[in-house]
Amino acid sequence: MKRINNKKEGTKVPSFIFKMDIIEQLTIWTNEYLSSHLFLVNIEWKVGSKKVSIFIDGDNGVSIDECRMLSKHLSGHLDAMEYGEEPYTMEVSSPGAENPLTLFRQYPKHIGRELKVVLLQNTELLGKLVKIEGDIITLHLKDTKKDYKAKETILKDININDIKESTVQISFK
């Protein structure tokens, strides 16, 4: 976590304008900086909060060092501009296992893992991600009684556009 003191002399920028401008600018700087195997997932800054969270991911995950380097890069840009009078905290990290998958690009690295998928119709499915082809993910659905050891394997193809939310299920077996 890096604290950024953004006190500068000059006129005060209304916070809602500052928030829109800084998120847009952070998005541009982040996308320009990240290598091709890394990508921006989201930037969060809740109204009234003094913390901005930048979530990045990678085709094969993201390292702490990659987050640190992006944080240093963004801090350099922020230090060079006037961006309001209130200090705030900037965090750069991966989205974490507890957060849903929000980009299709996040799915391939989770092949073989169990996902909870909520469809647009609010139907919930639980199964292992077995393949991805085009805009379709395929789940090996979990049998409620026999886990994944049922005699008959049930595969379900799901168009990415029919998914409301997908979350990787963490197992400590």
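How many bridges pair β6 with strand β7, and in which sense do the two strands run? I began my notes with this pair, keeping in mind throughout that the model is a predicted one. The pairing of β6 with β7 (residues 136–141) is antiparallel and extends over six bridges. For one register point I looked up K128, and its bridge partner in β7 is H140. The two strands form a hairpin with two residues between them, and in that hairpin G134 takes a positive phi near 60°.

**Entry: the chain as a whole**

I then stepped back to the overall layout, where I found two helices and nine strands, arranged along the sequence in the pattern β-α-β-β-α-β-β-β-β-β-β. The chain has 173 residues, of which 33% count as buried. For the surface I noted an exposed area of about 11,000 Å², with carbon and sulfur atoms supplying 51% of it. I also checked how the contacts are spread over the sequence: among those with a separation of 6 or more, 56% come from residues 24 or more positions apart.

**Entry: β5 and its two partners**

Next I followed β5, residues 114–119, which is joined to β6 (residues 124–133) by five bridges, the two strands running antiparallel. I recorded the register at several places: E114 stands opposite K128 in β6, K116 stands opposite L126, and V118 has E124 as its bridge partner. K128 therefore turns up in my notes on both pairings, since β6 has antiparallel bridges to β7 as well as to β5, and a strand within a sheet that is not at an edge is not left without a neighbour on one side. On its other pairing, β5 meets β9 in the antiparallel sense over five bridges, and there the bridge partner of V117 is S166. I asked whether β5 is mostly covered or mostly open, and found it mostly covered, with five of its six residues buried.

The connection from β5 to β6 was worth a separate look. The two strands form a hairpin with four residues between them, and N122 is found in that loop. N122 has a positive phi of about 70° although it is not a glycine.

**Entry: the sheet**

Putting the pairings together, I obtained an open sheet of five strands in the order β8-β7-β6-β5-β9, with antiparallel pairing. β8 (155–159) and β9 (163–168) stand at the edges, and because each has a single partner strand, one side of each is left without a neighbour in the sheet. Neighbouring strands of this sheet are turned by 45° against each other on average, with direction ignored.

**Entry: the cores**

Which residues have the most contacts inside the largest nonpolar core? I found that they are L26, I54, I56 and L74, in a core of 18 residues. The elements that give two or more residues to this core are α1 (15–33), β2 (38–44), β3 (51–58), α2 (64–79) and β4. Of these, α2 gives the most, with four residues.

I took I56 as an example and listed its contacts, leaving aside its neighbours within four places in sequence. The partners include T30, L34, F39, L40, V41, V62, C67, L70 and V92, and the list also holds S93, S94 and P95. Apart from the largest core lies another one, of 13 residues, among them L125, I137, L139 and I163. As background to both entries I noted that in soluble globular proteins nonpolar side chains tend to be buried together.

**Entry: N99**

Last, I looked at N99, which lies in the loop between β4 (88–93) and β5. Is N99 buried, partly exposed or exposed? Its relative accessibility is 31%, and N99 therefore counts as partly exposed, since the class runs from 20% to 50%. I also looked up one separation for this residue: the C-alpha atoms of N99 and V168 are separated by 8.2 Å, although the two residues are 69 apart along the chain.

Key:
Residues numbered from 1 in each chain as written. Predicted model: local features only at pLDDT ≥ 70, side-chain atom pairs only at ≥ 80, totals over all residues. Heavy atoms only, no water. Buried < 20%, exposed > 50% of the residue type's maximum accessible area, 1.4 Å probe, protein only. Contact = heavy atoms within 4.5 Å. Areas by Shrake-Rupley, 256 points an atom, 1.4 Å probe, with all protein chains shown as cover. Pairing = 2+ DSSP bridges. Axes fitted to C-alpha atoms, helices over the stretch in contact; angles between N-to-C directions. Core = buried A, V, L, I, M, F, W, Y, C linked by side-chain atoms within 4.5 Å.
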